[in-house]
Amino acid sequence: MQAQTTAQTKFPPAVLAMQMPATMARVAPVAPQRLLGKGEELFAEGDDAEYFYKVASGAIRSYKLLSDGRRQIDAFHLAGDIFGLEAGSAHRFSAEAVGDATVIAYRRSRLAVLIEEDRAFREQVMSATLRSLERAQDHMLLLGRKTAQEKIATFLLDMAERISDDDAHFDLPMQRTDIADHLGLTIETVSRTLTQFARDGLIRLRAASRSVMLCNKLALRRLNA
C-alpha cells in the first residue's frame, strides 16, 4: 500500500505529448518531467518498479545502504541515460538526485508495446541495457582488482567520455564523497590521489570547483589498462 501511495504522489497522470514521438504518446503514457532537488529521492530499494526513467538533465545516483550503514553507489546516470528497468517487480537499488536534475518516467507495463511500435525507442532501450551491463561488469572488476590510482584513472576517463565535448575538460556533477562511495575508497584517498595526479601533470584541477582537465590521457589509459 505504501509503494502505491508513493507512486501516485510522485507521478500524477499526464502525457508529455510535446516531448515524445506520436507513437510513444499513444502507447506509453508517462509522467510529466519531474524536477528533483539535490539529494531528493526518486525511488527506494524495494519500491514497486512501476516506472523506468530517462535522465533529461543533471545526474542520478543509484545505491545500496549496507547493513553497517555504509553506502555503495552502483552507478551514476547522466543526461540521456535510461535506468530503473528491473527484471523483477521491485527496485533493487535506491535512486536520488546528485544535484538538481530532471527525469522522465515511462510506465513499465507499456514497455513491450512501446518497443514493438517505436523502433528508435527500442534501440535506445537496447543500447542503454547493454551499456548498463558493460558498466556493471567494469565496476565489478574495478572494485575487486584495481588499485586506488587505477580506480580513479578509470573513473575520470569514463566521466570524460560521457560528459565532455572534447574528452578532456569537464565539470564533475558529483562530490568526492560520491566518488569514494562508488569506487570503494575513502574520501581522503580520493582527494590524495587527485592531488597526486595534478602534481604529476596527469590532470589539472581548478581550485574550489569540480572542474577537471585531463592533461595526459595516455598515462591515465595506462593506469586504466
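User: Happy to dig in with you! How many salt bridges does the count come to?

Analyst: This is a predicted model, where local features need pLDDT of at least 70, side-chain atom pairs count only at pLDDT 80 or more, and totals for chains, interfaces and linings use all residues. Residues are numbered from 1 along each chain as its sequence is written, and side-chain values use heavy atoms, with hydrogens and water left out. A salt bridge here is a side-chain nitrogen of Lys or Arg within 4 Å of a carboxyl oxygen of Asp or Glu. By this rule, the count is twelve.

User: Nice. Which strands hold Arg61 and Glu96?

Analyst: The side chains of Arg61 and Glu96 meet in a salt bridge at 2.9 Å, N to O. The two residues are 35 apart in sequence, so the pair ties together separate parts, with Arg61 in strand S4 and Glu96 in strand S7. Strands are DSSP runs of E, at least two residues long, and helices are runs of H or I of at least four, numbered from the N terminus.

User: Is Arg61 buried or exposed?

Analyst: Buried means under 20% relative accessible area, exposed over 50%, and partly exposed in between (1.4 Å probe, protein chains only). Its partner Glu96, at 11%, is buried. With a relative accessible area of 8%, Arg61 is likewise buried.

User: Which residue in helix H6 forms a salt bridge with Arg61?

Analyst: Helix H6 (residues 176–183) lies across S4 and S5. Arg61 in strand S4 is linked to a residue of H6 that is 117 residues apart from it. The closest N and O atoms are 3.0 Å apart, and the partner is Asp178.

User: And which strand holds Arg71, the other partner of Asp178?

Analyst: Arg71 and Asp178 form a salt bridge with closest N and O atoms 2.9 Å apart. Together with Arg61, Glu96 and Asp181, they are linked in a network of salt bridges. Arg71 and Asp178 are 107 residues apart, with Asp178 in helix H6 and Arg71 in strand S5.

User: Now for the nonpolar side: which helix gives the most to the largest core?

Analyst: A nonpolar core is a set of buried Ala, Val, Leu, Ile, Met, Phe, Trp, Tyr and Cys residues joined through side-chain atoms within 4.5 Å. The largest one has 30 residues, and those with the most contacts inside it are Phe155, Leu156, Ile203 and Leu214. S4, S5 and H6 are among the elements that each supply at least two residues. With seven residues, the top contributor is H5.

Terms used: Contact means heavy atoms within 4.5 Å. Axes are lines fitted to C-alpha atoms, for helices over the stretch in contact, and angles run from 0 to 180 degrees between N-to-C directions.
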